[in-house]
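Here's a quick tour for anyone opening this one up for the first time. Have a look at the sequence and the model, then read on.

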Amino acid sequence: MLALSHYNSSSSPLLPRSSNDSGGKVEARVAVGGLSQQGNLTLLQPTTSGVIVVILSMTLGIISNIVALFILANAYSQLRRRNKATFLLFASSLVFTDFIGHVIPGALVLRLYLSGGVHPDDFNSSDGMCQFLGGSMVFFGLCPLFMGCAMAAERCLGVTKPLLHSSLVTKTRAKICLSAIWLAALCVALLPCFQLGSYAYQDPGTWCFIKVLSDTQEMDMAFVVLFSGLGLASLAVALVCNTISGLTLVLARLRRKPGSHHSAKSHDIEMVVQLVGIMVTSCICWSPLLIFSLMSVIRSYTGSIAEDLSSYKTLMVMAVRLATWNQILDPWVYILLRRTVLRKIYLIAKCQAGMRGTIIGRWEPTSFPSSEKHQVNQV
């Protein structure tokens, strides 16, 4: 998905619609001309800076995911451990899904943005593009959350029950699990095609999502509850699994005898650190959208959103912009939290600390002969 950008808009009256007869057209032109002369009407126009921000955001996401895919492919080719192979398969699928989810919806959002967006009167309508864009946002939103949950569960089993993990988890079963994740997310995204919920254009008319702010029906609320519930449940399961894995590795580290060396544990620590990074990124980026969608649809369905409608529109736009950053940050979590990178950072920090210690040591009292000792030497 692509970060939504700002428009030059005002709280002016809406453009009147022209009728089929010539008299209606003349009245519409007169009305628009009069309002334009009075300065009360500003058409939605994309700003140059906004277009640049959108393009830069999309470019950054594409480059980040391509770099991560290259590193993962290189790591997979040099692989010698089976449990690491399963993790790399999940990680590669996650980055690839983020890449596709950044390009396809991003291109549609950019097209809508450059065309000036959809008129506010058409926000509740849903054409083919809106259906596809809304479905893409739901699909590419749930897939990373489901994959993060599956990766955390797989690592939790590998850390706590390594023998059971080696007998249960294989490449074939991992691929089946990934296929099931994609299929489940696709089924949820296609529910509006069966009248189970609906997609609609969202303010400022450059993106589509589940109908949450106006004219919501029972099916819309059920759809949002399902989407937000699945997303929040995935984050909760990932949190529990990563906590168990982390505590298990910490206890194993404390019980380890001095001088012993366990390369397998270091691999497990690396994978769990990366999973924690992915989980934290997903929580920060996706929790606002999942929670605000749930709050908005409940208030809209009960009819209590009218007085705070503008605030909820702003919250939804901010939340979806934050969610788009998940697809940019996910690959950098893997790129930066690798053992080689962390080892270099550790060595640099250790070197800097050693240099500071040397400088401080020059000024320690013990590094200078005391005056009493100097006097004795003179005698």
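When two residues are said to touch here, that means they have heavy atoms within 4.5 Å of each other. Keep in mind that this is a predicted model. With that in hand, let's start on the inside and work outwards.

**The nonpolar cores**
- The largest nonpolar core has 63 residues. V138, M151, W207, F209, I210, F227 and W286 are the ones with the most contacts inside it.
- Helix α4, which covers residues 128–160, gives the most to this core, with 13 residues.
- There's also a second, separate core of 5 residues, and A152, C156, C241 and M279 are among them.
- What does F209 touch, once residues up to four places away in sequence are set aside? The list runs to G134, M137, V138, S198, Y199, A200, Q202, F227, L289, S293 and M316.

**A buried charged pair**
- The structure holds just 1 salt bridge. E154 forms a salt bridge with R155, and their closest N and O atoms are 3.1 Å apart.
- Are E154 and R155 buried or exposed? Both of them are buried.

**Helix α10**
- Helix α10 takes in residues 326–336, and 8 of its 11 residues are buried, so the rest of the structure largely encloses it.
- The buried ones in α10 are N326, Q327, I328, D330, P331, V333, Y334 and I335.

**The loop between α6 and β3**
- L190 is found in the loop that links α6 (171–189) to β3 (199–202).
- L190 helps make a nonpolar surface patch of about 560 Å², together with L183, L186, F194, L196 and M219.
- Why can L190 count towards a surface patch? Patch residues need over 30% relative accessible area, and L190 is partly exposed, with a relative accessible area of 37%.
- Q195 also has its place in the loop between α6 and β3. Q195 has a positive phi of about 65°, although it isn't a glycine.
- Q195 is exposed, with a relative accessible area of 63%.

**What the UniProt record lists**
- Under "transmembrane region", an unreviewed UniProt entry lists residues 51–75, 87–112, 132–153, 174–201, 221–251, 272–295 and 315–337.
- In the model, residues 87–112 are 100% helix and 0% strand, with the end C-alpha atoms 38 Å apart.
- Residues 272–295 are 100% helix and 0% strand too, and their end C-alpha atoms lie 33 Å apart.

Conventions:
Residues numbered from 1 in each chain as written. Predicted model: local features only at pLDDT ≥ 70, side-chain atom pairs only at ≥ 80, totals over all residues. Heavy atoms only, no water. Patch = residues over 30% accessible without salt bridge, like charges linked within 9 Å, V, L, I, M, F, W, Y side chains within 5 Å. Areas by Shrake-Rupley, 256 points an atom, 1.4 Å probe, with all protein chains shown as cover. Salt bridge = Lys/Arg side-chain N within 4 Å of Asp/Glu carboxyl O. Helix = DSSP H or I, 4+ residues; strand = E, 2+ residues; numbered from the N terminus. Buried < 20%, exposed > 50% of the residue type's maximum accessible area, 1.4 Å probe, protein only. UniProt positions renumbered as here; feature names shortened; annotations may be inferred. Core = buried A, V, L, I, M, F, W, Y, C linked by side-chain atoms within 4.5 Å.
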